[in-house]
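Work through the exercises below with the model open. Each task is followed by its solution.

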Amino acid sequence: MRTQVAIIGAGPAGLLLSHLLAEGGVESVVVETRTRDYVESRIRAGILEHSTVELLKSVGLGDRLMREGHEHRGIYLQWPSERHHLDFLDLVGRSVWVYGQTEVQKDLGRAREAAGQQVIYDVRDTAVFDSTEPHVTFTVDGVAHRLDADVVVGCDGSFGPTRAVVPGTTWQRTYPYSWLGVLADVAPSTDELIYAWHPDGFALNSMRSPTVTRLYLQVPADTDIAEWSDERIWDALSIRLGHGQDGWELTRGPIMEKSVLPMRSFVQAPMRRGNVFLAGDAAHIVPPTGAKGLNLAVADVTLLAPALVALLTEKDPRLADEYSDRALRRVWRCTHFSWWMTTMLHTSPDPFDAQLQLSQLRWVASSVAGATGLAENYAGLPIGF
Ligand code: FAD
Ligand code: DHB
């Protein structure tokens, strides 16, 4: 097989890249280890920042998002006995949208299918070769295949094979806690997300739809999910989110899914070697507290697609040469914001930290300067920042 761009991974980065390349007249083939069903039902992120929404709308992927997604003006920041609303629209003129990554995946999957995009699911043994003849090899049902391309892009997430052929410097940080994530079949108890600091640990009240709630609890890094019965989860959420305070109630319901998500930060630079590029989680991951992972993947491919179109159709290498540096500016901004949100909201064994966190939260909630900084980063900086 031969194509212009071989894309490894059919997550949001890989499928959106194939969509944007097609808009620019560049052909691609996507290879993916999982099945389409698996990719489209994987429960992950839920918040789209302003520039992600604008980008999806501008390339014909916004119809269902506008119909079924929910625009939020801001978030609530909370600590015991206080809850404050930060209004991003008032503060920075931008909002965010609640729309699950599963739905983004489905919209992308349908759009690529309608356009006749070749996505090869359920592959094994993917290997990437960077040379004067860049290519990818893989097997399907035990049969070996070779895909030759002008360019290979690793959109294969944090465990994919492409990063290994793009040597560089890596920076990483692990956090001593995880998130226990819960999907519950119950109407959200809040109109907008609640980020709650509590001496027992952080809690987040999010949602997916008017009937489905998404919740998270800070738990120790080595937590075994079997230790957390549904009742224990709801009890911890009630305490940390302030059930009963000022008449607010957390409504309980059947838990449909629960899992423990480790937290770490990772950045690899540069995001290119020769004809092999990296985008999304393949190059960087952030802890989820700032809701940035999916949005960063979208921002990367929004920069990369025009760069590859110029490179392959006009033989103009300038944008491709700038890609890594430009993408990394935003990556580090989001890495810092995610670290800042994480360390401000997650409790540590050191009581000194608790006082610093509460002081920081009070400042963010009461100062226009503090609130604007959070709003600008959460609602998202412009693409190309
Ligand atoms: P991915 O979505 O990881 O896609 C990579 C794709 O490559 C996958 O489909 C994978 O199967 C495929 N692949 C891997 N190896 C190979 C191979 N050898 N050959 C072919 N294909 C391969 N972000 C948030 O903002 N909020 C959240 O709550 C949140 N929760 C998360 C929970 C989990 C468990 C994880 C892993 C991530 C979460 N994230 C969250 C992060 C967010 O989902 C990611 O940042 C986003 O999915 C990045 O998109 P991507 O396309 O770069 O990578
Ligand atoms: C969700 C996940 C996040 O990491 C976050 O900061 C906000 C919401 C969610 O899955 O809904």
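**Exercise 1. Place asparagine 377 in the fold and decide whether it is buried or exposed.**

Solution. The model is predicted.
- Step 1: find the element. Asparagine 377 sits in helix H11, which covers residues 368-379.
- Step 2: read the relative accessible area. For asparagine 377 the value is 13%.
- Step 3: apply the cut-off. Buried means under 20% relative accessible area. Asparagine 377 has 13%, so it is buried.

**Exercise 2. Which residues does asparagine 377 contact, leaving aside its neighbours within four places in sequence?**

Solution.
- Step 1: set aside the neighbours within four places in sequence.
- Step 2: list the remaining partners of asparagine 377. They are Lys292, Arg333 and Phe337.

**Exercise 3. Describe the build of the protein chain and judge its compactness against the globule rule.**

Solution.
- Step 1: count the elements. The protein chain has eleven helices and 19 strands.
- Step 2: compare radii. The radius of gyration is 21 Å, and the globule rule gives 21 Å for 385 residues. The two are close, so the protein chain is as compact as a globular protein of that length.
- Step 3: add the extents. The C-alpha trace spans about 65 × 45 × 40 Å along its principal axes.
- Step 4: check burial. Of the 385 residues, 57% are buried.
- Step 5: check contact range. Take contacts between residues at least 6 apart in sequence; 73% of them join residues at least 24 apart.

**Exercise 4. Characterise the surface and the charges of the protein chain.**

Solution.
- Step 1: take the area. The accessible surface is about 16,000 Å², with 52% belonging to carbon and sulfur atoms.
- Step 2: count charges. There are 35 positive and 47 negative side chains.
- Step 3: locate the two sets. Their centres lie 2 Å apart.

Note on methods: Residues numbered from 1 in each chain as written. Chains lettered and ligands numbered in written order. Predicted model: local features only at pLDDT ≥ 70, side-chain atom pairs only at ≥ 80, totals over all residues. Heavy atoms only, no water. Helix = DSSP H or I, 4+ residues; strand = E, 2+ residues; numbered from the N terminus. Rg over C-alpha atoms; globule rule 2.2 N^0.38 Å. Buried < 20%, exposed > 50% of the residue type's maximum accessible area, 1.4 Å probe, protein only. Contact = heavy atoms within 4.5 Å. Areas by Shrake-Rupley, 256 points an atom, 1.4 Å probe, with all protein chains shown as cover. Lys, Arg positive; Asp, Glu negative; His and termini not counted. Charge placed at Lys NZ, Arg CZ, Asp CG, Glu CD.
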